[in-house]
Amino acid sequence: MKLLLAALTITGASGSDTFRDTLTTLGDKTTTKYVGAAVNEGWFSDASYSGTASDYYNLVTAENSCKFSAIQHTQGSFDFSSCDQVQKFAEDNSMAFRGHNTCWGVNNPSWLDNGNFTSPELVDILENHVTTVLKYYKGKAVAWDVVNEAISDAAPYDLKLNTWNNITADEVNTNYVDVAFRAARQADPDAKLFYNDYNVASSQGWSQGKSDAMYNMVKSMLDRGVPIDGVGLQMHVGTGYDLVDGVKANMERYGDLGLEVHITELDLVCSQKNGYDCVWSDDMEKQQGELYATLLQACLDTEACTNFETWGFTDAHSWLEDGTHPLPFDENYDQKKAVGSMLDTLAGY
Ligand code: G3I
């Protein structure tokens, strides 16, 4: 009887009940080690939230609390308390912790964006922040997004104009991206250093231009000896996304450079806004589930792809508008069709 009960509890319809358990069962059959999600420590006290995250996933990223604005809200004063909550949640639940991020042009504290700092002063500020954060979390993070979203959205895909871009080439002989990565490697030689961006997942179709620009930037960093270990492909896309072949080709070309690839911020919005054409229904939920599964399969099939991660996990808490149903669990933490499809994909690998 005991044996029968045990068998029933560890074996679901898809062969295993959770992403993390199925990955454990797969072991070395795949180089994909993580199925992860961004989390927000503000919801940890809700047992449905923390329970679902820790039951299903084996990696978490802080949605906001490890960003520059959270850690160095006041110049020179480092506050790790919120970021620590996510790192400790990961540690307490035997999950990996992924750092996001040390350098971004968005959501920075006003002292930084309004400071009118000179280029040498900005170099000092950037190096100090990256160094302090990487040293503090030494040995505790599987990877860091050292620089986030630096590339412009249109040709010629130069670096975006932001505070950090006031670091001039004359000053450092390159640009702020290099400065951040060099500081990160020096601070923690063992940390895996990632560049993370959006609209860059597929090397075909509408994202080809920015995707190629990112590939060229990263290749140039490698050619110049700038330390980088991987790239994050965010993937804030929609239920009708149809460039999966291009995603695979793109991941493979990064693999050919010897880099790891993480799908970092996947969500599949269903919306009538911003060029999307989607009305939520049972069929749409099925289509969304199949797309989640197809993308997971592409990651599993690509040696370079080591992490498959969504930006949140429940429709109850997403940066996207309410009613757009972007994530694998619904507002009540019930599994949507995506969960079963992803479990089937993992079990069938
Ligand atoms: O913390 C303040 C709070 O004190 C204030 O009362 C409130 C009023 O608006 O704002 C709060 O800050 C908000 C913060 O989220 C924390 O909730 C910011 O306004 C808001 O802009 C911020 O949005 C986050 C955004 O990044 C900017 O940092 C989103 O939650 C987060 O999902 C989003 O995540 C980004 C990734 O980091 C990078 N890739 C794109 C992705 C989606 O935009």
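**Exercise 1. Identify the bonding partner of Cys 66 in this predicted model and characterise the link.**

Solution. Cys 66 and Cys 83 form a disulfide, with their sulfur atoms 2.0 Å apart. That separation satisfies the criterion for a disulfide, which requires cysteine sulfur atoms within 2.5 Å. The next step concerns handedness. The torsion about the S-S bond of Cys 66 and Cys 83 is about 100°, so this disulfide is right-handed. The pair links distant parts of the chain, its members being 17 residues apart. Cys 66 lies in the loop between strand S2 (59-62) and helix H4 (68-71), whereas Cys 83 belongs to helix H5 (residues 81-92). Finally, both Cys 66 and Cys 83 are buried.

**Exercise 2. Determine how many disulfides there are and which pattern they follow.**

Solution. Begin with the pair Cys 270 and Cys 278, whose sulfur atoms are 1.9 Å apart and form a disulfide. The torsion about its S-S bond is -95°, and the link is left-handed. Cys 270 has a relative accessible area of 4%, and Cys 278 has one of 6%. Buried means under 20%, so Cys 270 is buried and Cys 278 is buried.

Continue with Cys 299 and Cys 305, which form a disulfide with sulfur atoms 2.0 Å apart. Its S-S torsion is about -90°, and therefore the disulfide of Cys 299 and Cys 305 is left-handed. Both of these residues, Cys 299 and Cys 305, are buried.

The count comes to 3 disulfides. With bonded cysteines counted along the chain, the pattern is 1-2, 3-4, 5-6.

**Exercise 3. Explain why Cys 103 is too far from the closest cysteine sulfur for a bond.**

Solution. First, locate the closest cysteine sulfur to that of Cys 103: it is in Cys 66, at 15 Å. Second, compare this distance with the cut-off for a disulfide, which is within 2.5 Å. The sulfur of Cys 103 is therefore too far from that of Cys 66 for a bond. As to its surroundings, Cys 103 is buried, with a relative accessible area of 0%.

**Exercise 4. Describe the environment of Val 86 and state which residues it touches.**

Solution. Val 86 is placed in helix H5. Its relative accessible area is 0%, so Val 86 is buried. With residues up to four places away in sequence left out, Val 86 touches Val 39, Glu 41, Phe 44, Val 60, Thr 61, Ala 62, Ser 65 and Phe 97. As a further distance, the C-alpha atoms of Val 86 and Tyr 195 are separated by 21 Å, and these two residues are 109 residues apart along the chain.

**Exercise 5. Classify the packing of helix H12 against helix H13 and give the make-up of their contact.**

Solution. Two packed helices are described by the angle between their axes and the distance between the axes. The axes of H12 (residues 282-301) and H13 (residues 337-347) come within 8 Å and cross at roughly 30°. Angles under 35 degrees count as roughly parallel, and H12 is therefore roughly parallel to H13. The crossing of H12 and H13 is right-handed.

The final step is to list the contact. From H12 it involves Asp 282, Glu 285, Lys 286, Gly 289, Glu 290, Tyr 292, Ala 293, Leu 296, Gln 297 and Leu 300. From H13 it involves Lys 337, Ala 338, Ser 341, Met 342, Thr 345 and Leu 346. By class, the contact of H12 with H13 has 7 nonpolar, 4 polar and 5 charged residues.

Key: Residues numbered from 1 in each chain as written. Predicted model: local features only at pLDDT ≥ 70, side-chain atom pairs only at ≥ 80, totals over all residues. Heavy atoms only, no water. Helix = DSSP H or I, 4+ residues; strand = E, 2+ residues; numbered from the N terminus. Buried < 20%, exposed > 50% of the residue type's maximum accessible area, 1.4 Å probe, protein only. Contact = heavy atoms within 4.5 Å. Axes fitted to C-alpha atoms, helices over the stretch in contact; angles between N-to-C directions. Parallel < 35°, antiparallel > 145°, perpendicular 65-115°, else oblique. Left-handed = near helix turned anticlockwise from the far one by under 90°. Nonpolar A, V, L, I, M, F, W, Y, C, P; charged D, E, K, R; others polar.
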